[in-house]
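Visitor: I should like to learn how the overall features of a protein model are read. May we work through one case together?

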Amino acid sequence: MPNADHPWVARLRTLDVLALTALLWFLAKFLRYAFPPLFGTFRELYGVSNTELGTLFSALMAGYAVMQFPSGALADRIGVVRVIVAGALVASGASFALFVSTQYALLTVAVVGIGLGTGAHKTVAITLLSAVYPDRTGRALGVMGTVGEFGGALAPVLVVTVLAAALRWQSLFLGAALGGLVLAGAFALRVPARLPDAGAIPETGDDTGFRTYLDAFTVPSLTAFAVAAVCIAFSVSGVTAFLPLFLESRPGVDASAAGLLYSGFFLVSGVQPITGDVADRLGRLRVIAALLLLAITALLTLLVAGTGLVTVGTATLALGVGIHGIRPGRDAHLMAIIPDDVVGGTLGIVRTSMLGMSAVSPAVVGYLSDVSTFDVAFGVLAVAFGLAAVIVLGLALAR
């Protein structure tokens, strides 16, 4: 029988941390990506335009973005567990508000609440998992990311199922509210007992100011990589918000096929533990650059040669691999280049910038699709991906 002090035994004891953190991220992603498949329903039910739907999704992302720095800075002071649990409770309350909503105004308020609640999770979760799994940060973040993306993959399937069964779309959010309460309780009870010694988790309680966090950006490589991360976030948010409608605009792809491809787009996020592990071993910047080039190639294929279900389907899945595969390496690289004493707040600033652009992107794509075409809108997203690739390749070569 293994010794209780053996590192393998100690690692098993921390699996609660990864499992519960990942499941809360699953819920957050489910809530976020349940909305794009409902856009058609909202358009008919409330008589809103693509621009208004894009603005609704932008409101969710704005709520998510605004919580990145406060959650990271709070985690530096009061601890990661309290921040994550509080965010889960807020998201659950907003989900219940969606369940009882009957008007578009109330729906909008509840959507912002979901953004605020889920926004307290990712930045703090990255800090937590980086401390618990210092040698395999990319792999741990990849597992969390994959579980989360399965939430995104499940969302459109459940939306289609609920609508096909003539059930109220709001019923989806009652289940999410109850699930969030259960996970928040389990996290509060189980995770503190599974953490390493107190020194492993930033919980300083000091008076670190905002200027101290900003000082970290005097390092050019951090600032450059943060700009690349912002460009990536802009493109990813625009793609994921309007991918179903964009795919429907491709010849030979109907609404049903577009919905299935959208689920497949999330299912291929299962590559994240692999890409995270490869990034840990071969170099994070190199792997990020390669995956960016894959995403650009796939997006250009959809724009230029996106005719027929086979071509569109292959390009959509490749786009999903590129977009999702980037995340663990990106987050692990950020954790490696941010100073340990300001990691929560500085990461929060980077993610606030990323999510701020993510919030703007759906509104931009919706507007461009209304005044021009989806080809023009998604072409702008391809340009942003290209800028990020140039920056990351430059940083990789400089190393």
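Guide: The following turns go from the whole fold to a single residue. Please keep in mind that this is a predicted model.

Visitor: What does the secondary structure of the protein come to?

Guide: The protein has 18 helices and 0 strands. Its radius of gyration is 20 Å, close to the 21 Å that the globule rule gives for 399 residues, so the protein is as compact as a globular protein of that length. Along the principal axes, the C-alpha atoms fill a box of roughly 60 × 50 × 50 Å.

Visitor: How many of the 399 residues, as a percentage, are buried?

Guide: A residue is called buried when its relative accessible area is under 20%. In this protein, 55% of the 399 residues are buried. The exposed surface comes to about 15,500 Å², and carbon and sulfur atoms supply 68% of it.

Visitor: What share of the contacts joins residues at least 24 apart?

Guide: Counting contacts between residues at least 6 apart in sequence, 84% join residues at least 24 apart.

Visitor: How many positive and negative side chains are there, and how far apart do the centres of the two sets lie?

Guide: There are 22 positive and 21 negative side chains, and the two centres lie 4 Å apart.

Visitor: Let us turn to one residue. Where is A193 placed, and is A193 buried or exposed?

Guide: A193 belongs to helix α10, which covers residues 171-194. The cut-off for exposed is over 50%; A193 has a relative accessible area of 57%, so A193 is exposed. From A193 to L23 the C-alpha distance is 18 Å, with their positions 170 residues apart in sequence.

Conventions: Residues numbered from 1 in each chain as written. Predicted model: local features only at pLDDT ≥ 70, side-chain atom pairs only at ≥ 80, totals over all residues. Heavy atoms only, no water. Helix = DSSP H or I, 4+ residues; strand = E, 2+ residues; numbered from the N terminus. Rg over C-alpha atoms; globule rule 2.2 N^0.38 Å. Buried < 20%, exposed > 50% of the residue type's maximum accessible area, 1.4 Å probe, protein only. Contact = heavy atoms within 4.5 Å. Areas by Shrake-Rupley, 256 points an atom, 1.4 Å probe, with all protein chains shown as cover. Lys, Arg positive; Asp, Glu negative; His and termini not counted. Charge placed at Lys NZ, Arg CZ, Asp CG, Glu CD.
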